[in-house]
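Please open the structure in a viewer and keep the selection panel at hand. The stops below are meant to be followed in order.

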Amino acid sequence: MYGRGKSDRPIVPKKATNNEAQTARTARAVSAPSQPSTESPEGRGRTKENALQGNSLRTQSRDRLQQALERVREAAAQDRTAQFTSIWHLAYDAERLLTAYHAIKRQSAAGVDGQTKQEYEKDLKGNLLDLSARLQRGAYHAKPVKRVYIPKADGRQRPIGIPTLEDKIVQRSVAEVLSAIYETDFCKFSFGFRPGRNQHHALNMLAGGLSAGRLNWVLDADIRGFFDNIDHGWMMRFIKHRIADKRVWRHIKKWLQAGVLEDGEVRIAEYGTPQGGSISPLLANIYLHYAFDVWAHNWRCKEATGEMLAVRFADDAVQCFEHREDAERFLEEVRERLSRFHLELNMDKTRLIEFGLKALREREAEGTGRPETFDFLGFTHYCSRTRNGRFVVKRQTSRKKMQAKLAEIRKELRRRLHHPVHEVGQWLARILAGHYQYYAVLFNFPKLSAFRHQVLCAWKRTLARRSQKAKDTWERAKQLGSKYLPAPRIIHPHPDRRLNVSI
């Protein structure tokens, strides 16, 4: 199924032993609906009066759904080869759909049907009950996603797909159910779009591992157009490793094959999943789990001759090695591995650099400065030392990210040229607070201060354009800055204090 080679074998589900078969039967029993086995594939219609009634009943229903998910999660963790044959009823439950609806942002963009959240909630109970009934009897149809483009930091356009509101609700509900299973399978070095994990967890693992001083080479790999090149055939084969419920297969196929509406024309593609869909991040993690993560873990255990650390957030991955030979062999073999699944590395952005304590010592002895740097998740990582001479990996805001954000702020300031000063000041305060929330890591204070200063300069120039008689002095700008623009402070501690990184 995965081609030849010993590194592929651990991925393929093995034939269950007697104990494993018993566990698999337990998993199927846990996930089975409390309905007669003779019902139709999509089940019987539910009585409308029994759903979404009263706060106490609703609370009991939510508790029941969470208990069902917990049983599924326990069964999935107990047997990594168990297949779940009947979990669709957990996804179309009206209470779970209601929870998924409330998780969608109120101002989220409308899809091809133009339906907004405000319009849908005018008859929320009736709409969700009707949606649940359609999902149950198989009458639900996925609609094409609306294609829009947002600018990237390098000047290019990133394609985003906007599903319809009902597609968002159903996808979010299904993703919650599938996550209960796949969260027990995903590797520890995978951080993207997973509950309880975020960018800073990935950054801390990477910085902590590199600061330990045993890793000397960094492979900064970039997958070319990952979301646009996911193979639908492989995607469904990966799903079937764990999910045997054909109703789940059918609906995932619907979303993959719904097509994209662009310039008034619907285009159907055999590759890709639109960025913007509620289920797309989970599908991407499943795809890379089988195509890359498990293989990389096995490579580290069986092929590497020295220490190795991998960190992945969505399609951004960094691998660190003790020996250069390991790094070069990994790069060659990972290219071959990804090509099997219609993926390829962007060699223009993929770099292998010498990095770490050994590289810093050699550069210091030669007097040639610090080793090369690399960017990951918006931060530039570089080798340095603390005041007492201890080696440490420091991080600062990526220049490309900072310039892109400042350009966005200047553009918005021109649009708000004649807005009241206090409104603009409050808006800039929110921008800075959000920037600090992500970038306020140890050793990044100078970049935070520079960002605030550049924002203040941009605001001063905007105020000068409001009138030829505007008293645009630095004294006034500093007063406005003191009043509205918060000063930077470090929010995120050093990774050594946050978690004990184990390579």
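Select Lys146 first; its bridge partner is Ile162 in β2. The model is a predicted one. Now extend the selection to strand β1 (residues 145-151), which pairs with β2 in the antiparallel sense over six bridges. Add the remaining strands to display an open sheet of four, in the order β2-β1-β4-β5 and with mixed pairing. At the edges lie β2 (157-162) and β5 (265-267), each of which pairs on one side only. From one strand to the next, the twist averages 40°.

Next, display strand β6 (residues 308-313) together with strand β7 (residues 316-321); the two run antiparallel and are joined by six bridges. They form a hairpin with two residues between them. In the turn, select Ala314, which has a positive phi of about 55°. Beside the turn, Phe313 stands opposite Asp316 in β7. How many of the six residues of β6 are buried? The count is six of six, and the strand is thus described as mostly covered. Show the side chains of β6: Met308, Ala310 and Arg312 point one way, while Leu309, Val311 and Phe313 point the other way, and all are buried.

Proceed to the largest nonpolar core, which contains 128 residues. Select Ile169, Tyr287, Phe330, Phe376 and Trp459, the members that touch the most others. Helix α11 (residues 280-302) gives the most to this core, with 12 residues. In soluble globular proteins, nonpolar side chains tend to be buried together. Centre the view on Ile169 and list its contacts, leaving aside neighbours within four places in sequence: Leu97, Ala100, Tyr101, Ile104, Tyr120, Leu128 and Leu131.

Then select helix α6 (residues 124-137), where Gln136 is placed. Is Gln136 buried or exposed? Gln136 counts as buried because its relative accessible area is 3%, under the 20% limit. Its side chain and that of Tyr92 are joined by a polar contact of 3.4 Å.

For the last stop, select Cys187 and Cys301. Why is there no bond from Cys187 to Cys301? The sulfur of Cys301 is the closest cysteine sulfur to that of Cys187, but at 9.8 Å it is too far for a bond; a disulfide requires sulfur atoms within 2.5 Å. Viewed from Cys301, the closest cysteine sulfur is likewise that of Cys187. Cys187 counts as buried, at 13% relative accessibility. A search of the whole structure finds zero disulfides.

Conventions
Residues numbered from 1 in each chain as written. Predicted model: local features only at pLDDT ≥ 70, side-chain atom pairs only at ≥ 80, totals over all residues. Heavy atoms only, no water. Buried < 20%, exposed > 50% of the residue type's maximum accessible area, 1.4 Å probe, protein only. Polar contact = N/O pair within 3.5 Å; in protein donor to acceptor, adjacent residues only side chain to side chain. Core = buried A, V, L, I, M, F, W, Y, C linked by side-chain atoms within 4.5 Å. Contact = heavy atoms within 4.5 Å. Pairing = 2+ DSSP bridges. Axes fitted to C-alpha atoms, helices over the stretch in contact; angles between N-to-C directions.
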